Amino acid sequence: MPDTDAARRTGSCYCRGAGSLSGIAALAALGERVRAADPHRRFGKLTRVQGACLSISGLGGAARIGARLHLAGSDGPLAAEVTALDGETATAMAFAPTESLVTGTLAELVAAEAALRPSPAWLGRVIDGLGAPLDGLGPLEQGLAPAPLRAPPPPAAERARVGPLLATGVRALDLFAPLCEGQRLGLFAGSGVGKSVLLSMLARWADCDVAVIGLIGERGREVQEFITDDLGPDGLARSVVVVATSDAPALMRRQAAFATLAVAEHFRAQGLRVLCLMDSVTRFAMAAREIGLAAGEPPATRGYPPSVFADLARLLERAGPGRVGEGSITGLFTVLVDGDDHDEPVADTVRGILDGHVVMSRRIAERGRYPAIDLLKSVSRTLPHCLPPQDNALRLEARRILSTYADMEELIRLGAYAPGASPELDRAIAVAPGIEALLTQTKADRGHPAEAFAALAGLVA
């Protein structure tokens, strides 16, 4: 019996000693983890999901507008951005659908830079607004220099001037609304009049080094058609395509527009001539309106909060010439006019910011002339200095002929005009159909400015 008691006492001491040793080891391991942890990591808690808005508590004094959050959804991590602040509560919107979130989910405030890192390997690739590949061709090679998503425009006093004439290959533009390197032009049109085809012609034919194409709020069905059929392998090889389809959350659609300019600015900083095509600015404005209203901003003109018009100016001013010694971004931004109303708020604001506007007409498209550009309503603000004097005189003479014909077009079609009554109108009737034929192009018919002006001179003479 004594031997048994001694054994019990010995075993008990051994167990207490082992427990003490394991507890010390656990505390040491915990200390190592605490020392290795980032002391600046901040977490909040998801308290409410209402529509597209997420309410996060516990980030007071740390979160800022535009800060990035990571939430642990049941389908994987979900990225979000802070859009409004109210005391200890931050309102955020996600870059992806929020069906996988539940209240109580931890939201980490991350210090990731709001920037992309483009490289020459991005040419020929299709990406989303966060810089993730969408084409199934594997990961993107990251560059060394960051391109901020919300970079300010170059200071006005440090910018270079608009450069020389840029050949687009589209005869209607080269003759009547010429583009210069670093110019920003608006393309105003209703739906179904050939905007996408015109953009693809510019992406393939324009005399530039790189094309950056932003498809903002585009129909998902049409993305592959645009890339494969309209843009083609040759156009894609020198392009970076940024896509956010119409079913993407508003934050992703807005982000894709910022990413388009960020990629273009990266190549401009390398001294390259960049062509930036965005379709469309209207859908960017609609996404910004959705975000602003969800954040509690008051609606103003046609439901657009005031911040939308400030965002439009900041976005569009980023295109254009860079600083002296850098390249240029020649921008062409489409505006989807609501109900063919060219004076609606977005169209009116964009027209006042850009360096010219091209109007596409449904009436011209219906009679079969493509690109359906209304020459008499289109303006390039680099004229007349961008053309030689003889070409500019020829352009003005052709516009006068087309204007004379347009004024009397209805009477001519009705047969109410008697030939010989006006020599000027007789000349317009003889010449205008030839000009219309000269301006008609297909996707396989590339134009050249010198040849186009020579043909126009032959018609006018």
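This report describes a strand barrel, a group of packed helices and one buried aspartate in a predicted model.

## The barrel

The barrel is closed by 6 strands in the order S1-S2-S5-S4-S3-S6, and their pairing is antiparallel. Direction ignored, neighbouring strands of this sheet are turned by 45° against each other on average. Strands of a sheet pair through backbone hydrogen bonds, either parallel or antiparallel.

Strand S1 covers residues 42-50 and pairs with S2 in the antiparallel sense over 5 bridges. Across this pairing, Gln50 stands opposite Cys53 in S2. The two strands S1 and S2 form a hairpin with 2 residues between them. In the turn of that hairpin, Gly51 has a positive phi of about 65°.

Strand S2, residues 53-57, is mostly covered, with 4 of its 5 residues buried. Besides its pairing with S1, strand S2 is joined by 5 bridges to strand S5, residues 89-94, and these two run antiparallel. Here Ile56 has Ala90 in S5 as its bridge partner.

Strand S1 also pairs with strand S6, residues 106-110, through 4 bridges, again antiparallel. Phe43 has Glu108 in S6 as its bridge partner. Elsewhere in the barrel, strand S3 (residues 68-73) pairs with strand S4 (residues 76-86) over 6 bridges in the antiparallel sense. In this pair, Leu69 stands opposite Ala80 in S4.

Helix H5, residues 250-269, lies across S3, S4 and S5. The direction of H5 is at about 90° to S4.

## Helices H10, H12 and H13

Two packed helices are described by the angle between their axes and the distance between the axes. The table gives these values for the pairs formed by H10 (residues 389-407), H12 (residues 423-439) and H13 (residues 449-460).

| Helix pair | Angle | Axis distance |
|---|---|---|
| H12 and H13 | about 160° | 9 Å |
| H10 and H12 | about 105° | 8 Å |
| H10 and H13 | about 50° | 10 Å |

The angle of about 160° between H12 and H13 is over the 145 degrees that marks the antiparallel class. H12 and H13 are therefore roughly antiparallel to each other. H12 passes H13 in a right-handed crossing. On the H12 side, the contact is made by Arg427, Val431, Gly434, Ile435 and Leu438, which meet Ala452, Ala455, Leu456, Leu459 and Val460 in H13. By class, the contact of H12 with H13 has 8 nonpolar, 1 polar and 1 charged residues.

For H10 and H12, the angle of about 105° falls in the range from 65 to 115 degrees. These two helices are therefore roughly perpendicular to each other. H10 contributes Glu397, Ala398, Ile401, Leu402, Thr404 and Tyr405 to the contact. They meet Glu424, Leu425, Arg427, Ala428, Ile429, Val431, Ala432 and Ile435 in H12. The residues of the contact of H10 with H12 divide into 10 nonpolar, 1 polar and 3 charged.

H10 and H13 pack at an angle of about 50°, which makes H10 oblique to H13. Their crossing is left-handed. Asp391, Leu394, Glu397, Ala398 and Ile401 of H10 make the contact with Phe453, Leu456, Ala457 and Val460 of H13. The residues of this contact divide into 7 nonpolar, no polar and 2 charged.

Some residues recur in these contacts. In H10, Glu397, Ala398 and Ile401 are among those that meet H12, and they are also among those in contact with H13. In H12, Arg427, Val431 and Ile435 are among the residues that meet H13, and they are also among those that meet H10. In H13, Leu456 and Val460 are among those met by H12 and among those in contact with H10.

## Asp230

Asp230 is placed in helix H4, residues 220-237. Its relative accessibility is 13%, and the cut-off for a buried residue is under 20%, so Asp230 counts as buried. Leaving out residues up to four places away in sequence, Asp230 touches Ser200, Arg204, Glu225 and Lys443.

Terms used: Residues are numbered from 1 along each chain as its sequence is written. This is a predicted model: local features need pLDDT of at least 70, side-chain atom pairs count only at pLDDT 80 or more; totals for chains, interfaces and linings use all residues. Side-chain values use heavy atoms; hydrogens and water are left out. Buried means under 20% relative accessible area, exposed over 50%, partly exposed in between (1.4 Å probe, protein chains only). Two strands pair if DSSP finds at least two bridges between them. Axes are lines fitted to C-alpha atoms, for helices over the stretch in contact, and angles run from 0 to 180 degrees between N-to-C directions. Angles under 35 degrees count as roughly parallel, over 145 as roughly antiparallel, 65 to 115 as roughly perpendicular and the rest as oblique. A crossing is left-handed if the near helix is turned anticlockwise from the far one by less than a right angle, and right-handed if clockwise. Contact means heavy atoms within 4.5 Å. Ala, Val, Leu, Ile, Met, Phe, Trp, Tyr, Cys and Pro count as nonpolar, Asp, Glu, Lys and Arg as charged, and the others, Gly among them, as polar.
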